[in-house]
Amino acid sequence: MLFFTQCFGAVLDLIHLRFQHYQAKRVFSSAGQLVCVVNPTLNSKHGSSRCASSRDSTPPATQHHCQEVVYDAKLTSCSCPLYSCKWEGHLEVVISHLTQTHTINILQGAEIVFLATDMNLPAPVDWIIAHSCLGHHFLLVLRKQEKYQGSPQFFATMMLIGTPAQADNFNYKLELNRNRRRLTWESTPRSVLDCVDSGITDGDCLVLNASVAQLFSDNGNLAIGIAITTNTLCSLETKI
């Protein structure tokens, strides 16, 4: 009976997962798009945000005997917004830290569908994935938080795991499409050096209030189409 119960539970989970994929594909009919089901994670950060840009960090004060501690400006803090992680490292190893320490999944492809499950959970909660395309890694964050008490909002933003100059070479588009309604946000991704929290605080991202999010949701799931392209204007300016 125990074996039967475990097998039956696994089968139900598989059916539920495939049903979620079907729901997203029904909303986004492009057969070439990869659908990724992303489960929510409770945000364990407490207190004030610690992820101010490392390049803006104030170097330690000069010590006795004129021995100055030199701060490495090339280091960045952990880019994962879910945890109060004190890790620091170079941009080249950020993605390894995210996948190994925080088990963030990586998707391949310039166009994907991000299916956030259980969007009706109380705030604060985050959905996050890493996105690999065009020779770079990006970080997509969907956050639900209360901007005002009793008024939850959804914030979706894309960040490049690279420098601000590299981020200017790309554009990203987030699209919600359901019941003959379409909502699109297009922008240039920020660098992870600028921190996820700063983009959300500035409102430089896709912002949805609870009622609009419900219009595009399907049984508590929110499907967001993602497309990343190169910035042709920046490419031309670089060649000139």
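Here a student and a tutor talk through a predicted model.

Student: Why is Cys133 called buried?
Tutor: Its relative accessibility is 6%. Buried means under 20%. The value falls under that cut-off, so Cys133 counts as buried.

Student: What makes Cys205 buried or exposed?
Tutor: Its relative accessible area is 2%. The cut-off for buried is under 20%, so Cys205 is buried.

Student: How many disulfides does the structure hold?
Tutor: Zero. A disulfide needs a pair of cysteine sulfur atoms within 2.5 Å, so no pair here meets that cut-off.

Student: Which residues have the most contacts inside the largest nonpolar core?
Tutor: Phe114, Trp127 and Leu142, in a core of 31 residues. A second, separate core has 19 residues, including Cys78 and Phe155.

Student: What is Phe114 in contact with, leaving aside its neighbours within four places in sequence?
Tutor: Among them are Trp127, Leu142, Leu222 and Ile224. Contact means heavy atoms within 4.5 Å, so each of these residues meets that limit with Phe114.

Student: Why are nonpolar side chains found together?
Tutor: In soluble globular proteins, they tend to be buried together.

Student: How do you know that strand S15 is mostly covered?
Tutor: Count its residues. Eight of the ten in 221-230 are buried.

Student: What makes S6 and S15 a pair?
Tutor: They share six bridges, in the antiparallel sense. Pairing takes at least two bridges, so S6 and S15 qualify. Glu111 stands opposite Ala227 in S15.

Student: How many bridges link S14 and S15?
Tutor: Two, also antiparallel. At least two are needed, so S14 and S15 pair. Asp218 has Asn221 as its bridge partner. The two strands form a hairpin with two residues between them.

Conventions:
Residues numbered from 1 in each chain as written. Predicted model: local features only at pLDDT ≥ 70, side-chain atom pairs only at ≥ 80, totals over all residues. Heavy atoms only, no water. Buried < 20%, exposed > 50% of the residue type's maximum accessible area, 1.4 Å probe, protein only. Core = buried A, V, L, I, M, F, W, Y, C linked by side-chain atoms within 4.5 Å. Helix = DSSP H or I, 4+ residues; strand = E, 2+ residues; numbered from the N terminus.
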